[in-house]
Amino acid sequence: MLPFATGALVSPREKLRAALEVVVARGPAEGDVSIGAFLRRRVGDAVVDRLAGPLIGGVYGAGIDELSLLALVPRLREAEQRHGSLVRAGLAARRHATSPSAGVTLVTPLHGMGAVVDALVARLAGADVRLRTRAARLDGEGAAYVLTLDDGSRIVADAVVLAAPAPEAARLLEDVSPRASDALRTFTYRGTAAVSLGDDARQLARPARGHGFVVPDGALAMAACTWTAEKWPGRAPDGALLVRATVRDDAVLAQGDDALIARAHADTAGAMGIAGAPVMARVARWMAAMPRYTVGHLGRLAAAEAGLAGHERIVLAGAAYRGSGVPDCMAQGVAAAERVLSVAREVAA
């Protein structure tokens with residue numbers, strides 16, 4: 001609490017409003033609301049706009065006033081209902097902690113996330129893996145499912161895991177389960193781009209401390225900035241600064257790479273005091289690739305899964321459903337595998 005109390009992020013009056021959180025009455029115990037609406041009621045607009053909004057919205061790729069409380073941070077409501085205050089809940093959690101918090105919270109493979117894919121490929125030796133091949137159609141035939149690929153080949157399976165984005169899963173389920181397909185079409189996505197800029201560290205007015213920063217909506221073209229080499233060792237040569245700007249604004253994303261690089265450089269140079277032009281620049285785009293967990297997400301997911309009644313051998317898994325982070329997707333993958341193995345055992349019996 002001390003950095004918040006002594007910092008200049010919000011005014012003294014806004015800090016007083018946030019301090020009143022301990023006396024704000026509990027809200028409804030049922031029904032989904034946006035994270036923004038929940039937090040604005042408890043701590044006021046300033047803390048949400050300048051702190052919670054950039055942090056939470058930056059992680060989940062949407063405005064905090066449209067993100068679902070129940071789908072993403074249900075523990076906030078649980079804390080409010082149990083303790084009557086988020087501050088009191090935090091103090092209680094600290095008192096009852098049985099071990100010190102971990103010193104390292106961010107980890108990645110030494111050679112990048114591609115190493116995870118390489119390891120999975122090695123473990124799949126003997127499996128039938130089709131690369132650069134699109135699933136064109138899914139049909140049910142008797143007790144089996146038939147997947148037709150875009151090269152004309154067909155795969156007959158006892159069970160199917162649909163780990164594609166929701167719109168692709170909806171397309172494949174059009175004939176097998178129209179209800180599930182219609183529900184999946186209500187899931188929305190947004191695009192994002194990562195603009196990587198390389199600079200000589202001597203171009204920086206002051207040393208970079210920490211891992212980067214997040215940006216309130218509309219303040220800059222970018223939503224966040226990561227100092228990649230500070231966050232992950234070995235990502236840049238000694239004496240170099242590697243900056244990654246995350247851009248999610250649709251109007252900015254519609255521009256070409258040169259314009260995107262210019263906007264990202266202007267933002268990072270202005271915020272960090274970088275002199276001169278970057279020595280390298282690279283843009284990676286993922287259009288309509290980030291699922292948006294907006295209010296009512298769990299209801300839409302329940303409708304999709306209810307639409308698969310009678311098709312228990314079709315399993316949904318992936319970033320669109322129960323968490324978009326890598327650990328969330330890994331957990332969904334394990335659960336899907338266990339479900340498929342259970343089906344296989346039933347078929348064998």
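1. Let me start with a helix pair: Phe38, Leu39, Arg41 and Arg42 in α3 meet Leu76, Arg77 and Glu80 in α6. By residue class, this contact splits into three nonpolar, no polar and four charged. Keep in mind that we are looking at a predicted model.

2. On the geometry of that pair, α3 covers residues 35-43 and α6 covers residues 74-83. Their axes come within 11 Å, crossing at roughly 35 degrees. The hand of the α3 and α6 crossing is left-handed.

3. Next, a pocket worth a look. The second largest pocket has a volume of about 690 Å³. It is lined by 21 residues, and those closest to its centre are Met1, Phe4, Val43, Val47 and Val87.

4. Which helix gives the largest share of the lining of the second largest pocket? That is α4, with six residues. At least two residues of the lining come from each of α1 (2-6), α2 (12-19), α3, α4 (45-60) and α7 (86-95), so to speak of the lining is to speak of several helices. As for character, the lining of this pocket divides into 17 nonpolar, one polar and three charged residues.

5. Now the sheets. One is an open sheet of three strands, ordered β1-β2-β3 and paired antiparallel. Its edge strands are β1 (135-141) and β3 (154-157), each pairing on one side only. From one strand to the next, the twist averages 20 degrees.

6. Within that sheet, β1 and β2 (residues 144-149) run antiparallel and are joined by six bridges. If you want a register marker, Ala135 stands opposite Leu149 in β2.

7. There is also an open sheet of five strands, with the order β6-β7-β8-β5-β9 and antiparallel pairing. Why is one side of β6 (212-214) and of β9 (280-292) left without a neighbour in the sheet? Both stand at the edges and each has a single partner strand, so one side of each has no neighbour there. Direction ignored, neighbouring strands of this sheet are turned by 20 degrees against each other on average.

8. For the pairing inside the five-stranded sheet, look at β5 (residues 188-200) and β8 (residues 240-247): these run antiparallel, with eight bridges joining them. Here Val195 stands opposite Ala245 in β8.

9. Finally, what packs on this sheet? Helix α13 (residues 257-272) does, touching β5, β6, β7 (224-227), β8 and β9. The direction of α13 makes about 65 degrees with that of β5.

Key:
Residues are numbered from 1 along each chain as its sequence is written. This is a predicted model: local features need pLDDT of at least 70, side-chain atom pairs count only at pLDDT 80 or more; totals for chains, interfaces and linings use all residues. Side-chain values use heavy atoms; hydrogens and water are left out. Axes are lines fitted to C-alpha atoms, for helices over the stretch in contact, and angles run from 0 to 180 degrees between N-to-C directions. Helices (H or I, at least four residues) and strands (E, at least two) are DSSP runs, numbered from the N terminus. A crossing is left-handed if the near helix is turned anticlockwise from the far one by less than a right angle, and right-handed if clockwise. Contact means heavy atoms within 4.5 Å. Ala, Val, Leu, Ile, Met, Phe, Trp, Tyr, Cys and Pro count as nonpolar, Asp, Glu, Lys and Arg as charged, and the others, Gly among them, as polar. On a 1 Å grid over the protein atoms alone, a cavity is a set of points where a 1.4 Å probe fits but cannot get out, and a pocket is an open set with protein on both sides within 12 Å along at least five of seven lines; lining residues have an atom within 4 Å of a point. Grid points are joined across faces, edges and corners, and a volume is the space filled by probe spheres set on the points. Two strands pair if DSSP finds at least two bridges between them.
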